[in-house]
Structure formats: C-alpha cells, structure tokens
Amino acid sequence: MPKNSKVVKRDLDDEVIESVKDLLSNEDSAEDAFKKSELIVDVQDEKDVEDGAEVDDERPAWNSKLQYILAQVGFSVGLGNVWRFPYLCQKNGGGAYLLPYLILLLVIGIPLFFLELSVGQRIRRGSIGVWNYISPKLGGIGFASCVVCYFVALYYNVIIGWTLFYFSQSFQQPLPWDQCPLVKNASHTFIEPECEKSSATTYYWYREALDISSSISESGGLNWKMTVCLLAAWIMVCLAMIKGIQSSGKIMYFSSLFPYVVLICFLIRALLLNGSIDGIRHMFTPKLEMMLEPKVWREAATQVFFALGLGFGGVIAFSSYNKRDNNCHFDAVLVSFINFFTSILATLVVFAVLGFKANIINEKCITQNSEMIIKFLRMGNISQDMIPHHINLSAVTAEDYHLVYDVIQKVKEEEFAVLHLSSCQIEDELNKAVQGTGLAFIAFTEAMTHFPASPFWSVMFFLMLINLGLGSMFGTIEGIITPIVDTFKVRKEILTVFCCLLAFCIGLIFVQRSGNYFVTMFDDYSATLPLLIVVILENIAVSFVYGIDKFIEDLKDMLGFAPSRYYYYMWKYISPLMLLTLLIASIVNMGLSPPGYSAWIEEKASEEFLSYPTWGMAVCFSLMALAILPVPVVFIIRRCNLIDDSSGNLASVTYKRGRVLKEPVNLEGDDASLIHGKIASEMSSPNFGKNIYRKQSGSPTLDTAPNGRYGIGYLMADMPDMPESDL
C-alpha cells in the first residue's frame, strides 16, 4: 500500500500501544530528560480503545512535596498510634519495648515502605497496575490489596462514626458520661444498677452510645444515632475524595497537622496535673527481661507492619502521583520516623493522663479504706495501739496509709483477709492494660471528666481522633480508587460515590446493637493474615520474580544514586525471612487463641468472653479467604491462559499517554508511531509535528529518529509477534 494512502495515514495516526516493561527496560540511560518523560502520542482526537473516553495528557500530581508528605503521614499515623502503641508499650515491658520496635522498624518497616514507595513512583500506577507490571501472574496482589482495603474501610469508618457521636455530645457541661443516671420509680430515686456496678463512662459507652446487645446473635435492630453518625462519616470521606488528590490533598494540611497540635496541648496540660509524672515513670520503666519473650517481638513486628500501612495499596497510590525523580528514599525514612515519634508523643500523653486518673482513683481508695479502718477501731476489731500517733486517719496521706496498712497486715496476719482492706497502690491501677475503644471511649473520657473545663478538652480530643481517622481513611480509599481508575478507566467521581454508598449500606451491620462485635470480627480476621500474605508476595515479586539486581538498577536510574547495599540484603534475605516468621507466628497464635469476642452482659455489668457461633466462624474464615482469593485466581487464569491475553483482559499491561489500556486484538501491518517524550518539568521535546518514524522496508540497519535515539515504538514495529515481556 502506498505510504501516502489515507488508510495508512489514519492507521499511523491511531493510538500506539506499547509494553511498559519493554519501554522501561530499553531506556537509554544517557539522556536524563528521556528517563523522566511521560508517554504521550502526538495525535489529535485520540480515544480510549476501551470506552472512547478522552485521555488526559498527564497524570495528576501533588501541588507540593509538603502536601505529599502530609498525605503519607496522615495515612500512616492513625488511631493505632494513640490507642494501640501505648497499650503494647505498657504490656510488653514499658521502655524496653521501644528497642524491639525500633529494630523491627529498621529491618521490616523502612525497607518495605521504601519498596512500596519506589514501585508506585516508578510505574506511576495504583496497586493493580504496579503488580501487573512487575509480574502478570502475580497481578492478583493488587486486587487482594483492594479487597483488604475495602474490608478495613467498612469498619474503620464506623469507629470514626463513634467518634463523631462523642464529639457531638462533648458540648455539654457537665459531660453526659460524668455521672451515673438516676432512675425514678413510684417510691424513690436510685442510681442505675448497671452503671453502679461498672462506672459512669463504661455505662455510657455500652448502654447510651452502642446500646449493645448481649451477644453477636442478638441483632437488636439498628442504632439510629450511630446510623446517622456513620452516614455523616461516609459523606465526609466521599466529599474529600471525590476529586482525588486535588480535593483530599488540600484537606491533608488540616487533618494531618491538627492532631499534633492537640497532642502537644494535651501533653502540656497533662504534665500540670497531679500524678501525671507517676504515669510517665511507670510507662518508661524498662522491664528488660520481657525482651526475651517471642510474643513481644511478634507484637512489635505486627505494630510496625500496620503502623506504616504496608500492603494496603495507599502508599503505592499516593507515591504514583510523584515525579519520577522524587527522592522516595528520603520520604520513606522521614515518614517512618515521624510515625515512630508520633507514637512516642501519644504514649507520653496517654500515660500522663492515665497517671492523673490513677492518682484520683487511688485517693478514693485510700479514703474508703481509711473509713473502714476507723470503723474497725470503733468496733474493736483493730487496736488503737496499732496506729502510729502522728497519723490522722480522717486526712491521711498515701504514705501514711501505706504505713498503717503494713502494720495491720503484720499484726493481724491470720485475720487480715477478713478485713478486706486494699493496698491502694497506684501501680496496680496503671497496670490495668487498656487498649482500643476501651482507652478512647472509657479510660480517657473518665480522666477528662476530672479536667478543669472538661468539655473543651473532650471536644479537642475527639476532634483529634476524627482527624487521625480521616487521614487513614483517605489513604485506604485511595488504595481502592486509584488502581481501579487506572485499570478500568471509570470516572473517579462516579466510582468514589459508588464505593462510599455501597460501603455505607454494608456498614449497617456495624450499627446494629450487636455491631461492635462485628467490628471486632472484621478487625481480627479481615486484615491481619491477608495483609501479611500480600506484603510477603510483594517482597517476593520484586526480589525474586522481577529481580533484585534489576530493581536496584531501576532505583539508581530513577533516583540518580544507588540506594545503600543494606536494602539489597534486607529485600532479598532478611525481610522475607522475618515476614514468613511473623506469618507462621500469627497463624500459630490464631490457632492457640479460641475465636471469640468480649460480650457485654447487662446483668453482670461486665464483659465476658464468648465463642463465635458456627455461622460466625464461617464468616471469619470467609473474610480471610475472600481477601486473599484474587491471588490464586489471577495466577491460575494467567498461568493456564484461561483468558486470551489479546482480548483485552486484565493481563494486558499497556500504556497510552501514561494510561493503562487493554490490548487490541491485533495490530495490522508493521507501521507504528514513535512515542514522543514529554519532560516532567513540562519542557517539551523537540517538536516534529505529526512525523512518523518507521523502519524502512528491507533496510539492513535501524534508522534513527531525528533526535539521535532509537524510538522504542520504532524498534517494536518490526516485531509484531514478540510476546510481552513476562518477568
């Protein structure tokens, strides 16, 4: 056919499909500008082969480096930093826990965080596109990340809904959970028995906020207050995410920075309270012998793993909007240590406040027991000679009470148990481990009722939790939206609204009266093991399938310097070994721990451990299976060629103007267009209009494009049967 034929001209002006793997592997390292270029085709009225939608010339980008760092910090720093890290620190040796945590942060945390940042920035796609590119057979990793993200988003936003409820109730003086409610009947008024057996804050949480049922099998219907709060939480997330990073990025300035303002204010205020130093001293008193226990290292590794948001896809999604030459190694180290020091700051705040609360409870204990001793003195059960003359039991100090207690215990050794006196040690109260919702909605709220201007501090505390939760939710939703938009070419606005609406509808199971038990179920079973498996596969895919040496070269090409050899050994040997050990330990721990939940029993006014019913066990294992199911499904489909790769299936990893496309059925002829590079700084390459560079028929050597380099598409034009490179 003549070269000036209109049909040929039309074909030559049509979209050029190019394998990204081959594109990146054939880059000439001599020209930095080309390495930073984006894939665009210099044609007009170009349409997507999938749906005919017009393609944007460029991928969206962060407005500034600060905005990006705040987004990553907002995603990684979440509710777990405030209500799980302090609990683990207290439970696992106090200050001694920080050493295992820091070691595992260097061995697992930073290397894997750097790996996810690198692949996202290098390939500039969400999790689905990234792992399709690294290894099509392991492309299910990206889909598994999306499924896990969605499971986590379902219950995580319920917690934000709870926080919104408490925030709305904090504008009252006194706070509604300050005192137990009174019940009136025909004859007299009395304190609510359930509240009297527990405490005002515990009663308010279980009965007023959750109105909880006695077991997971008793639905009890919807809690309308929490349903409204859940709807409000999803509306906030939807509005913030509907425009992608253009909308969520601006909100990050507030949602990521405000929690630090509140934490610092809380720390200053708490340090001025009586007993706060006792809490901090207790917190950081190291119990070095506990470092030898394997459980401490397992829990530290799990906390490192979840604190940085590894495996969710949010880290990859955020980094995919960076420029190709961004120093993601610096970002990985910076964000990881910001996360660590945020956990330390939150721990200081939590234990300063808990020390104040423990001091108040201890004073009440001393007062009550001193009154009992006075009563025993009047009854003659205790001789007045036992009490030192300088001690006044009507206004006794903690030191004097402990002196009296020790004397009575020694003298009345055989009869002491009958007296039912308590030692009233502040350490006993501080040793009561509280985590999660128990810390935020019971222990912390009780402490704040004793603060001067308690409504103000309550408003600030729950506003901080809302911001921490939203920052993590933005990253979680981005881990779902970005890969789906990149892969399936749907409109981001429509997909965001659909995801949020569907999540709210499914989330109604969490705002039943039994909803808290489902939150526990999803938290225990939908994320832990699936995420561990996802991250192990990510590490294996990069280190052993793609090739660690090739990946290091890619990083050198992208960053402009070779990363430390330390990462080579971490990625290839240490991190996979540690992750596999953690996976085995988690499976063993799950097998040894009976599946169940803590149910609130109204008659006893206390929690009681209950096993899941048969259907509940089935749901638990279904959650784990569904989360990891995409990995074997995609592997089998692509390994056995159950779907034709040329028919536009998910295995196609092709780019046009920086977008993933489906592979067309065939490319007729041997004509192809050279892809013109556009520099990330928006400096244009030499413009040759609509010239098409092609290999001359019968030419023994390759012609070069006018810019002196061999065009990638030009090189591929003479190899129509060459299969897409499969690592």
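Start by selecting Phe 75: this ring is buried, with a relative accessible area of 6% (buried means under 20% relative accessible area, exposed over 50%, partly exposed in between, using a 1.4 Å probe and protein chains only). A word on what you have open: this is a predicted model, where local features need pLDDT of at least 70 and side-chain atom pairs count only at pLDDT 80 or more, while totals for chains, interfaces and linings use all residues. Residues are numbered from 1 along each chain as its sequence is written, and side-chain values use heavy atoms, with hydrogens and water left out.

Next, the aromatic pairs. Rings of Phe, Tyr and Trp (its six-membered ring) pair if their centres lie within 6.5 Å; planes under 30 degrees apart are stacked, over 60 edge-to-face, and the rest tilted. That rule gives 55 aromatic pairs here. Add Phe 318 to your selection: its ring centre is 6.4 Å from that of Phe 75 and the planes meet at 80°, so the two are edge-to-face. Phe 75 belongs to helix α4 (residues 65–76) and Phe 318 to helix α16 (residues 314–319), 243 residues apart. Helices are DSSP runs (H or I, at least four residues), as are strands (E, at least two), numbered from the N terminus. Phe 318 is buried too, at 0%.

Now jump to Trp 177 and Phe 462, an edge-to-face pair with 6.3 Å centre to centre and 80° between the planes. Trp 177 sits in the loop between α9 (140–169) and β3 (182–184), and Phe 462 in helix α22 (residues 454–488), 285 residues away. Trp 177 is buried at 1%, and Phe 462 is buried at 0%.

Last stop: Arg 565, over the face of Tyr 568 at 4.0 Å from the ring centre (a charge sits over a ring if NZ of Lys or CZ of Arg is within 6 Å of the ring centre and within 35 degrees of the ring normal).
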